[in-house]
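Please open the model in your viewer and keep the sequence panel beside it, since this tour moves from the whole chain to smaller selections.

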Amino acid sequence: QGSEASKMPPAAKDKLLESHPRVVRSQLPNGFKIVYLENEYPNDRFSAFLDVAVGSIDEEDDQQGLAHYLEHLVFLGTEKWKTAEEMKDLMGTLGMSFGGDTNASTDHRSTIYTMDAPAGKDKVKLVVEILYEMMFKALLLDANIDTERGPILSEKQMRNTIGYRRSIKMLGMMHAANRIPLRLPIGLEEQIKS
């Protein structure tokens, strides 16, 4: 009886997953990569995903939870749309619910922002502008930083389940040689509070 790993074809880890034949890829001069796939259903909507290749593994000891904290803060105002209320109103004019059609998640390797909106060239342009503002022109106001502590601490508490704690233990066993188990995306409570 061999292990599951011994049953895998040779060099399987070196094989790349083939891309969908209709995926279009391009790259802007600044290095920004675009991946485009036209959807058939729903035919009246589009989804935009912005993958920022920074996650909790990139944080220093005194920065644990910062990528996740920032994920929250960029939704609270930009140079063009100054407040969370303006951001919510803007999403509403696009037919999007704030938190339902707009969301984000942070893991060890990246932070991904998602937006689902009704189709239309003008709407695509506006969603791209919103994502640009959030990434490069976010207002990181002290008041927002203070206000967002509560929701982040609440999120941390909601995750504190037996399943989550078991997953953390497994991470520790599987990645004992690196810092993945030491860099949980939610961060450390004492740093969130400071």
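With the whole protein chain selected, consider its contacts (heavy atoms within 4.5 Å): among those with a separation of 6 or more, 67% join residues 24 or more positions apart. This is a predicted model, in which local features need pLDDT of at least 70 and side-chain atom pairs count only at pLDDT 80 or more, while totals for chains, interfaces and linings use all residues. Residues are numbered from 1 along each chain as its sequence is written, and side-chain values use heavy atoms, with hydrogens and water left out.

Next, colour the chain by secondary structure, where helices (H or I, at least four residues) and strands (E, at least two) are DSSP runs numbered from the N terminus. You should find six helices and five strands, which follow the pattern β-β-β-α-α-β-β-α-α-α-α along the sequence. Of the 194 residues, 29% count as buried, that is, under 20% relative accessible area, against over 50% for exposed and in between for partly exposed (1.4 Å probe, protein chains only).

Now select helix 2 (residues 84–93) and helix 3 (residues 121–136), whose axes come within 11 Å and cross at roughly 160°; axes are lines fitted to C-alpha atoms, for helices over the stretch in contact, and angles run from 0 to 180 degrees between N-to-C directions. That angle makes helix 2 roughly antiparallel to helix 3, a term used for angles over 145 degrees. Show side chains here, and you will see Met87, Leu90 and Met91 of helix 2 meeting Leu126, Ile130 and Met134 of helix 3.

Stay with helix 3 and turn to the largest nonpolar core, which has 19 residues; such a core is a set of buried Ala, Val, Leu, Ile, Met, Phe, Trp, Tyr and Cys residues joined through side-chain atoms within 4.5 Å. Strand 3 (45–52), helix 2, strand 5 (111–118) and helix 3 each supply at least two residues of this core, and the largest share, four residues, comes from helix 3. Which residues does leucine 131 touch, not counting those up to four places away in sequence? Select Ala48, Leu50, Tyr113 and Met115 to see these partners of leucine 131.

Finally, select alanine 84, which has its place in helix 2 and is partly exposed, with a relative accessible area of 22%. Alanine 84 touches Phe75, Leu76 and Gly77, not counting residues up to four places away in sequence. A distance drawn from the C-alpha atom of alanine 84 to that of asparagine 144, 60 residues apart along the chain, should read 9.2 Å.

How values were computed:
Parallel < 35°, antiparallel > 145°, perpendicular 65-115°, else oblique.
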